[in-house]
Amino acid sequence: MSARGITFLNKWIANSVPKTARPDVISINELTHKLFADAKSVGIRREEIDEEVDSLYRTILSAIVHFDPGLSL
């Protein structure tokens with residue numbers, strides 16, 4: 001397990017998912033690609049994030065639907 005992966009994911013969601021993000025497949029796909037690009041740029045592999053959540057799609061969707069400024073996932 002990667003504590004670093006889940007820490008990165010939580011911080012990334014808090015800082016990178018706009019409150020105006022739409023809960024649709026295209027928006028979530030774009031956010032997922034950005035997440036992995038940002039993770040790669042700081043040396044975090046996709047596997048470190050994937051192993052921490054059952055579904056990255058549902059995780060990002062939940063962040064969009066339940067947006068609450070300052071709330072950590």
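# Notebook: salt bridges and Asp38

I started in helix α2, where lysine 34 and aspartate 38 sit 4 residues apart, about one turn of the helix. A reminder to myself before going on: this is a predicted model.

**Entry 1, confidence.** I looked up how sure the predictor is. The protein chain has a mean pLDDT of 89, and 89% of its residues reach 70 or more. Among the elements of the chain, α2 has the highest mean pLDDT, 97, and helix α3 (residues 46-50) the lowest, 93. Happily, my starting pair belongs to α2.

**Entry 2, the pair in α2.** Which side chains meet lysine 34 and aspartate 38 in a salt bridge? They meet each other, at 3.0 Å from N to O. I noted the general idea alongside: side chains of opposite charge can pair when their charged atoms come close. Next I checked how open the two partners are. Lysine 34 counts as partly exposed because its relative accessibility is 41%. Aspartate 38 also comes out as partly exposed, at 22%. The cut-off for buried is under 20%, so aspartate 38 at 22% does not fall in that class.

**Entry 3, around aspartate 38.** I stayed with this residue, whose helix, α2, covers residues 25-41. What does aspartate 38 touch, leaving out residues up to four places away in sequence? I found Phe8 and Trp12. For phenylalanine 8 I also took the spacing: it is 30 residues from aspartate 38 in sequence, yet their C-alpha atoms are 9.7 Å apart in space.

**Entry 4, the wider search.** How many salt bridges does a search of the whole structure find? It finds 6. One of them is the lysine 34 to aspartate 38 bridge I began with. I then wrote down two others.

- Aspartate 24 and arginine 22 meet through their side chains at 3.3 Å, N to O. Arginine 22 counts as exposed because its relative accessibility is 57%, while aspartate 24 is partly exposed at 23%.
- Arginine 45 and glutamate 47 meet at 4.0 Å, N to O. Glutamate 47 is partly exposed, with a relative accessibility of 48%. Shared partners link salt bridges here into one network of Arg4, Arg45, Glu47 and Glu48.

**Entry 5, for the next page.** I have two places bookmarked for you to look at in the viewer. The first is aspartate 38, with its bridge to lysine 34 and its contacts to Phe8 and Trp12. The second is the network that holds Arg4, Arg45, Glu47 and Glu48.

Terms used. Residues are numbered from 1 along each chain as its sequence is written. This is a predicted model: local features need pLDDT of at least 70, side-chain atom pairs count only at pLDDT 80 or more; totals for chains, interfaces and linings use all residues. Side-chain values use heavy atoms; hydrogens and water are left out. Helices (H or I, at least four residues) and strands (E, at least two) are DSSP runs, numbered from the N terminus. Contact means heavy atoms within 4.5 Å. pLDDT is the predictor's confidence in each residue, from 0 to 100. Buried means under 20% relative accessible area, exposed over 50%, partly exposed in between (1.4 Å probe, protein chains only).
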